[in-house]
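Colleague: I would like to learn how to read a protein structure, one feature at a time. Could you walk me through one?

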Amino acid sequence: MAKNEEGYEKVAKKQDLQEGGLLKVESGGNPVVLSMVNSKVYAIDAVCSHEGGPLEEGTLEGYEVECPWHGSKFDVRTGEVRNPPADTPQSVYEVKVEENDILVRKKPKAEAQGQPIQHEITEEATSRRKGASTVFELTLLEKRKFEGTDIMSFKFSRQNEQQVGESNNANKIYLDYTAGQFAFFDIGGVNNDPKGPIRHFTIASSPTEDFIMISTRIRDTPYKKRLSSLEEGVKVKVRGPEGKFVLHEDNSKAAVFLTGGIGVTPFRSMIKYATDEDLPVKINMFDSNRDQANILYKNEFDECLNMNKNLKIIYTITAEEESPAPSSNGWKGERGIINKTMLTKHLATSELENSIFYICGPPGMLKAMQDLLQDDLHIPKERIKIEEFTGY
């Protein structure tokens with residue numbers, strides 16, 4: 001498409017776009033969605049900032065476009081998030097209509113004016129919205145089913161088989177990440193999944209390990225069925241890393257991990273990394289599960305406990321809470337949900353007053369733990385970090 005001297009690019013004809021409609025075009029190599037509301041044309045990034053959903057396949061109601069994958073909504077005028085689960089705004093672009101042509105400025109509005117992108121969008125978030133994160137092609141090395149559970153783990157090569165991102169820098173041959181971050185996995189062959197063909201998973205392996213590991217519950221969905229059936233040696237596309245749910249750098253403050261079920265995956269990465277690197281930070285983890293079989297990574301955590309004097313793990317099981325003889329099955333951990341009594345039993349007053357609290361688990365647990373910390377223990381929200389697992 002031709003560009004004019006002001007940096008605008010002709011992307012469509014006016015008759016291509018109907019009132020209340022959506023139209024995907026490209027501007028400067030970026031996928032952009034045009035919309036028309038009250039005869040005015042707007043342009044917004046086409047890739048949803050939540051998980052990369054195609055906004056052009058969504059719906060437009062008033063000035064709000066809704067992503068077809070998970071229901072995130074954005075204002076087409078400003079890019080602001082109007083409905084979660086997205087929490088990162090979209091970039092919006094300047095638009096002009098000249099006679100019968102729709103023209104879009106190559107750079108987002110804020111960038112075109114020489115200003116940082118609006119809403120304090122970080123460079124990381126901008127990269128994610130534009131699909132500019134590095135994409136790796138990784139090989140499945142091993143998969144494992146955890147007996148007595150619906151959980152599977154998958155180990156992939158860490159070395160990139162083929163660089164397909166924006167940069168072909170020869171030094172970028174490994175997927176480098178910080179413990180606790182996540183990545184998007186495009187495994188191919190996923191059809192008719194209402195939540196789309198791509199999922200994001202926390203990288204459960206540590207940056208000190210030579211593989212990429214993810215763990216997930218296998219559900220009766222097209223994506224999860226396809227994932228569980230992958231053969232060793234198959235290659236998948238992985239985009240990332242992303243996320244800010246990472247260990248704090250101030251070693252004078254302890255870390256308290258509150259987790260349940262599959263939500264333990266980022267803590268496996270952090271604990272393994274802290275142990276391998278001999279970090280001086282003190283870590284207390286409370287890990288809640290239905291029963292002993294569902295305690296994920298217990299053998300690996302026990303190995304870390306033997307090597308890391310700064311690590312303490314409190315396991316609790318809930319399904320056997322009413323067992324009349326707690327010692328009959330050899331269980332020596334806690335029973336019941338994580339509550340104020342349990343935390344004050346295992347944490348010193350100084351730890352309660354100075355630790356950074358990390359919560360990761362299903363939405364219900366996350367809400368309960370936030371209420372416990374803020375309402376019952378009066379922990380300021382500045383010392384609470386959360387990561388939600390939605391269970392798909």
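**Reading the fold step by step**

Modeller: Happily! Among contacts in this protein between residues at least 6 apart in sequence, 62% join residues at least 24 apart. Keep in mind that what you see is a predicted model.

Colleague: How many helices and strands does the protein have?

Modeller: There are 8 helices and 22 strands. Of the protein's 392 residues, 50% count as buried.

Colleague: Can we look at one residue and its contacts? Which residues does Leu-22 touch, leaving aside neighbours within four places in sequence?

Modeller: Start by locating the residue: Leu-22 sits in strand 2, residues 22–27. Then list the partners, which include Leu-17, Val-33, Leu-34, Leu-55, Leu-60 and Val-65. Take Leu-60: 38 residues separate Leu-22 from Leu-60 in sequence, yet their C-alpha atoms are 7.4 Å apart in space.

Colleague: And how exposed is Leu-22?

Modeller: Here a cut-off helps: buried means under 20% relative accessible area and exposed means over 50%, with partly exposed in between. Leu-22 has 23% relative accessibility, so this residue counts as partly exposed.

Colleague: Now the interior, please. Which residues have the most contacts inside the largest nonpolar core?

Modeller: They are Phe-257, Phe-267, Ile-271, Ile-283, Met-285, Phe-301 and Tyr-358, in a core of 32 residues. Next, ask which elements feed this core: at least two residues come from each of strand 15 (211–217), strand 17 (255–260), helix 4, strand 18, helix 5 (298–307), strand 19 (311–317) and strand 21 (356–361). Another core, of 21 residues, lies apart from that one, and Phe-156, Phe-201, Ile-214 and Val-236 are among its members.

Colleague: What does Phe-267 touch, not counting residues up to four places away in sequence?

Modeller: Its contacts include Phe-245, Phe-257, Met-285, Phe-301 and Tyr-358.

Colleague: How do I read the packing of two helices?

Modeller: Look at the angle and the distance between the axes. Helix 4 and helix 5 pack at about 30°, and their axes are 10 Å apart. Angles under 35 degrees count as roughly parallel, so helix 4 is roughly parallel to helix 5. The crossing of helix 4 past helix 5 is left-handed.

Colleague: Which residues make the contact between helix 4 and helix 5?

Modeller: Helix 4 brings Phe-267, Arg-268, Ile-271, Lys-272 and Thr-275, while helix 5 brings Glu-300, Phe-301, Cys-304 and Met-307. Sorted by class, the contact has 5 nonpolar, 1 polar and 3 charged residues.

Colleague: What about the backbone? Where are the cis peptide bonds you wanted to show me?

Modeller: For these, read omega. One cis bond joins Pro-84 and Pro-85, with omega about 20°, and Pro-85 lies in the loop between strand 8 (81–83) and strand 9 (92–98). Another cis bond joins Gly-240 and Pro-241, with omega about 5°; Pro-241 belongs to strand 16, residues 235–242.

Colleague: And phi? What is the value for Glu-99?

Modeller: Phi of Glu-99 is near 55°, which is positive in a residue other than glycine. Glu-99 is placed in the loop between strand 9 and strand 10 (101–108). With 80% relative accessibility, Glu-99 counts as exposed.

Colleague: Where is Asp-278 found, and is Asp-278 buried or exposed?

Modeller: Asp-278 is in the loop between helix 4 (265–276) and strand 18 (283–289). Asp-278 counts as exposed because its relative accessibility is 59%. Phi of Asp-278 is also positive, near 55°.

Note on methods. Residues numbered from 1 in each chain as written. Predicted model: local features only at pLDDT ≥ 70, side-chain atom pairs only at ≥ 80, totals over all residues. Heavy atoms only, no water. Helix = DSSP H or I, 4+ residues; strand = E, 2+ residues; numbered from the N terminus. Buried < 20%, exposed > 50% of the residue type's maximum accessible area, 1.4 Å probe, protein only. Core = buried A, V, L, I, M, F, W, Y, C linked by side-chain atoms within 4.5 Å. Contact = heavy atoms within 4.5 Å. Axes fitted to C-alpha atoms, helices over the stretch in contact; angles between N-to-C directions. Parallel < 35°, antiparallel > 145°, perpendicular 65-115°, else oblique. Left-handed = near helix turned anticlockwise from the far one by under 90°. Nonpolar A, V, L, I, M, F, W, Y, C, P; charged D, E, K, R; others polar.
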